[in-house]
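Me: Could you take a close look at one part of this structure for me? I'd like the atom-level view first and then how it fits into its surroundings.

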Amino acid sequence: MRKLFEAADRYVETSDWKIIAVLKFCLISLGVILGMEVKEKSRKPVFIAAVSVFIATYIPLMTRFVRIFREFRK
C-alpha cells in the first residue's frame, strides 16, 4: 500500500494543472454516475454524458499512472 501512495505522490508531482483539471472532471463525472438523483426521463442522457466524460478522462489518467507506477516499482 505504501508503494501505491508513493506512486500517487510521484504522479501528482509530475502533473501540471491540466492533468489535475482532467482528474477533477473524471472524479466529478464519477460522482454524477454514482449519485444520480435525476427524473426518470432525464436519467439516460445525464448518465450517457457522465459515462462519456468518465471514460474519456479515466483511460488517459490511468494509462499515465500505470506507466509511472511501473517505473517506480523497478
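Reply: Start with the side chain of S29, which reaches the backbone nitrogen of F54 at 3.3 Å. This is a predicted model, so treat that distance as a computed one. S29 sits in helix α2, which covers residues 17-34. Its relative accessible area is 5%, and since anything under 20% is called buried, S29 is buried. Leaving out residues up to four places away in sequence, S29 touches A50, V53 and F54.

Now zoom out to the helix pair. Helix α3 spans residues 40-73, and its axis comes within 8 Å of the axis of α2, with a crossing angle of roughly 140°. Why call that pair oblique? Angles over 145 degrees would count as roughly antiparallel and 65 to 115 as roughly perpendicular, so roughly 140° falls in the oblique class. As for handedness, α2 passes α3 in a left-handed crossing. On the α2 side, the contact is made by I19, V22, L23, F25, C26, S29, L30, V32 and I33. On the α3 side you have V46, F47, A50, V51, V53, F54, T57, Y58, L61 and R64. Sorted by type, the residues of this contact come out as 16 nonpolar, two polar and one charged. S29 is listed in that contact, as are A50, V53 and F54.

R64 is worth following a bit further, because its side chain makes a polar contact with the side chain of S15, at 2.9 Å. S15 is in the loop between α1 and α2. With a relative accessibility of 14%, S15 counts as buried. Setting aside residues up to four places away in sequence, S15 touches I20 as well as R64.

R64 also turns up in the contact between α1 and α3, so let's go there next. Helix α1 runs over residues 2-13, and its axis and that of α3 come within 9 Å, crossing at roughly 120°. That makes α1 oblique to α3. The crossing of α1 and α3 is right-handed, while α2 passes α3 in a left-handed one. From α1, the contact takes in K3, L4, E6, A7, A8, R10 and Y11. From α3, L61, R64, F65, I68, F69 and F72 take part. By type, the residues of this contact divide into nine nonpolar, no polar and four charged.

F65 is a good residue to pick out of that list. F65 is in helix α3, and at 13% relative accessibility F65 counts as buried. Ignoring neighbours within four places in sequence, F65 is in contact with L4, A7, A8 and Y11. Take the pair F65 and Y11: they are 54 residues apart in sequence, yet their C-alpha atoms are 6.4 Å apart in space.

For a contrast, look at R73, also in helix α3. R73 has a relative accessible area of 56%, so R73 is exposed. R73 and V53 are 20 residues apart in sequence, and their C-alpha atoms are 30 Å apart in space. V53, you'll recall, is one of the residues S29 touches, which brings us back to where we started.

Conventions
Residues are numbered from 1 along each chain as its sequence is written. This is a predicted model: local features need pLDDT of at least 70, side-chain atom pairs count only at pLDDT 80 or more; totals for chains, interfaces and linings use all residues. Side-chain values use heavy atoms; hydrogens and water are left out. Helices (H or I, at least four residues) and strands (E, at least two) are DSSP runs, numbered from the N terminus. Buried means under 20% relative accessible area, exposed over 50%, partly exposed in between (1.4 Å probe, protein chains only). A polar contact is a pair of N or O atoms within 3.5 Å; within protein, one must be able to donate a hydrogen and the other to accept it, and residues adjacent in sequence count only if both atoms are side-chain atoms. Contact means heavy atoms within 4.5 Å. Axes are lines fitted to C-alpha atoms, for helices over the stretch in contact, and angles run from 0 to 180 degrees between N-to-C directions. Angles under 35 degrees count as roughly parallel, over 145 as roughly antiparallel, 65 to 115 as roughly perpendicular and the rest as oblique. A crossing is left-handed if the near helix is turned anticlockwise from the far one by less than a right angle, and right-handed if clockwise. Ala, Val, Leu, Ile, Met, Phe, Trp, Tyr, Cys and Pro count as nonpolar, Asp, Glu, Lys and Arg as charged, and the others, Gly among them, as polar.
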